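Thanks for coming. I will go through one structure this morning, starting from its core and working outwards to the ligands. Please have a look at it before I begin.

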Amino acid sequence: MEGLLWINDPILPIDSMAADSARRRQDQLTKPRGSLGRLEEMAIKLAGMQGASAPSPDPVHILQFMSDHGVAAEGVSLYPQEVTIQMMRNIAHGGAAVSVMAEAIGARMEIIDLGILTDPGPVENVRSERLGFGTGNIAREPAMSEEQLVAAMNAGRSGVERALSNGARLLICGEMGIGNTTPATAVACALLDKPVVDMVGPGTGLNAEGIDRKRQAIESALALHLEPGRSTLDLLARLGGFDIVATTGAYITAAQRGLPILVDGFIMSAAALAAVRLQPEVRNWMIFSHTSAEPGHRLMMEALDADPYLDLGMRLGEATGGEALVPLLRLACVVHQRMATFSEAGVTEV
Ligand SMILES: O=C(O)c1ccc[n+]([C@@H]2O[C@H](COP(=O)([O-])O)[C@@H](O)[C@H]2O)c1
Ligand SMILES: Cc1cc2nc[nH]c2cc1C
């Protein structure tokens, strides 16, 4: 697709020498081998991705994508669509979970309006890259045009480029947009060839009746848009959202530029599936923060061969799962760097 030729540019390899040397160092530190469990793995993974003997998640950069989803008209969310713009202001003013956590962990966050329902005009701390007034209702029409798809992918790409120019060493993409668990579920079902009943869930808190309505909307979307031979990009344009598509572009770009990716919850994992489908080696650049309480997330993780670090019953989105893992990544890296080795400390090694 013209304007997206960069998707096929090579993905950087992981520095396996740096990862091997980090693994050897872990085995020389004053602890029974493997006893720090997956904290060891975190440091080794980051060392391989960063090609560094002193890996670090810092600076952490969050791209927070805001958008609306036409399929909300099918009654697929517990909350009304106006919550998206209200939460955008809340995030920008520092009152949302993502904002409080970003401040607490010292992460830089860029909030990007990709096309919420109403144009809010200039909002302090929000970058406007509006691609429309929400997407089309996927149960009845494609989510977006080819032009919008290209622009959304490129918005993700340029977000990563800005992150890199600010010195980012870890990327977290987040989202907020009422209704977006529906396109995320639709994209996952299409890419994984899973029945909707296995993937659909309550999102913001639907009851059984609401989940059934959501299942029907997704089944209508799949019946309308799923045809043999459709490309991943075509499926994204038909079933996705501006947030999911921008994140797909961001993930591929990060892997091309060597920037480690911390994948957040359900919606961001749908983007991860799409990015890995388009460029399988992007998977090497991904760390998975947590298992979302949205039930279908486990199927997505299985398909990505991912074993997320946290399982806290989180289902907020907004990059908050990624943020929650950052302190542990920091601890893992500090331990890796500062612990004494057996020989340094004069401790008997076996
Ligand atoms: O990322 C997740 O794991 C997650 C799971 C359920 C809901 N959400 C958030 O809730 C909103 C979507 O839920 P819904 O029910 O409106 O589709 C959206 O703003 C997401 O950030 C996020
Ligand atoms: C209040 C609220 C905040 C959110 N943040 C992400 N999704 C959300 C959905 C709602 C309803």
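I will start in the middle. The largest nonpolar core of this predicted model contains 105 residues. Which residues have the most contacts inside it? They are Ala152, Leu171, Val187, Leu236, Tyr251, Ile261 and Ala270. The element with the largest share of this core is helix H11, residues 266-278, which supplies eleven residues. As background, nonpolar side chains tend to be buried together in soluble globular proteins.

Take tyrosine 251 as an example from that list. Leaving out residues up to four places away in sequence, tyrosine 251 touches Ile261, Ala271, Ala272, Ala275 and Val282. Ile261 is also one of the core residues with the most contacts, and I will come back to it with the strands.

Now the chain as a whole. It has 14 helices and six strands. Buried residues make up 51% of its 350 residues. The C-alpha atoms fill a box of roughly 70 × 40 × 40 Å along the principal axes. For 350 residues, a compact globule would have a radius of gyration near 20 Å, and the chain has 20 Å, so the two agree. Among contacts with a separation of 6 or more, 77% are between residues 24 or more positions apart.

One example of residues far apart along the chain is asparagine 154, in helix H5, residues 146-165. Its C-alpha atom is 7.8 Å from that of leucine 4, although the two positions lie 150 residues apart in the numbering. Neighbours within four places aside, asparagine 154 is in contact with Gly3 and Gly249. Is asparagine 154 buried, exposed or partly exposed? It counts as partly exposed, because it has 18 C-beta neighbours inside 10 Å, and a buried residue needs 20 or more.

Next, the strands. I will begin with E1, residues 60-67. Eight of its eight residues are buried, so E1 is largely enclosed by the rest of the structure. Val60, Ile62, Gln64 and Met66 point one way from E1, while His61, Leu63, Phe65 and Ser67 point the other way.

Which strands does E1 pair with? Seven bridges join E1 to E2, and the two run parallel. E1 is also joined to E4 by seven bridges, again in parallel. Leucine 63 shows both pairings: its bridge partner in E2 is glutamate 110, and its bridge partner in E4 is cysteine 173. Elsewhere on E1, methionine 66 stands opposite aspartate 113 in E2, and valine 60 stands opposite leucine 170 in E4.

Going out from E1 on the E2 side, strand E2 covers residues 108-115, and six of its eight residues are buried. E2 is joined in turn to strand E3, residues 126-128, by three bridges, and these strands run parallel. Aspartate 113, already mentioned opposite methionine 66, has serine 128 as its bridge partner in E3.

On the other pairing of E1 is E4, residues 170-176. Seven of the seven residues of E4 are buried, so E4 is largely enclosed by the rest of the structure. Both of its faces are covered, with Leu170, Ile172, Gly174 and Met176 on one side and Leu171, Cys173 and Glu175 on the other. E4 pairs with strand E5, residues 261-263, in the parallel sense over two bridges. Here leucine 171 has isoleucine 261 as its bridge partner. Both residues were in the list of core residues with the most contacts.

That leaves the ligands. Ligand 1 is surrounded by 22 residues, and the closest are Ser77, Gly203, Gly265, Ser292 and Gly317. Strand E4, helix H6 (181-192) and H11 each give two or more residues to this shell. How does the shell of ligand 1 divide by class? There are seven nonpolar, eleven polar and four charged residues.

Around ligand 2 are Tyr79, Val83, Met87, Met176, Thr204, Leu316, Gly317 and Glu318. By class, that is five nonpolar, two polar and one charged. Gly317 is found in this shell and is also among the closest residues to ligand 1. Met176, listed around ligand 2, is one of the buried residues of E4.

That is the end of my part.

Definitions and conventions
Residues are numbered from 1 along each chain as its sequence is written. Chains are lettered from A and ligands numbered from 1 in the order in which they are written. This is a predicted model: local features need pLDDT of at least 70, side-chain atom pairs count only at pLDDT 80 or more; totals for chains, interfaces and linings use all residues. A residue is near a molecule or strand if its C-beta atom, placed from the backbone, lies within 6 Å of it. Ala, Val, Leu, Ile, Met, Phe, Trp, Tyr, Cys and Pro count as nonpolar, Asp, Glu, Lys and Arg as charged, and the others, Gly among them, as polar. A nonpolar core is a set of buried Ala, Val, Leu, Ile, Met, Phe, Trp, Tyr and Cys residues joined through C-beta atoms within 7 Å. A residue is buried if 20 or more other C-beta atoms lie within 10 Å of its own, exposed if 12 or fewer, and partly exposed in between; C-beta atoms are placed from the backbone. Helices (H or I, at least four residues) and strands (E, at least two) are DSSP runs, numbered from the N terminus. Two residues are in contact if their C-beta atoms, placed from the backbone, lie within 7 Å. Two strands pair if DSSP finds at least two bridges between them. The radius of gyration is taken over C-alpha atoms; the globule rule is 2.2 Å times the number of residues to the power 0.38.
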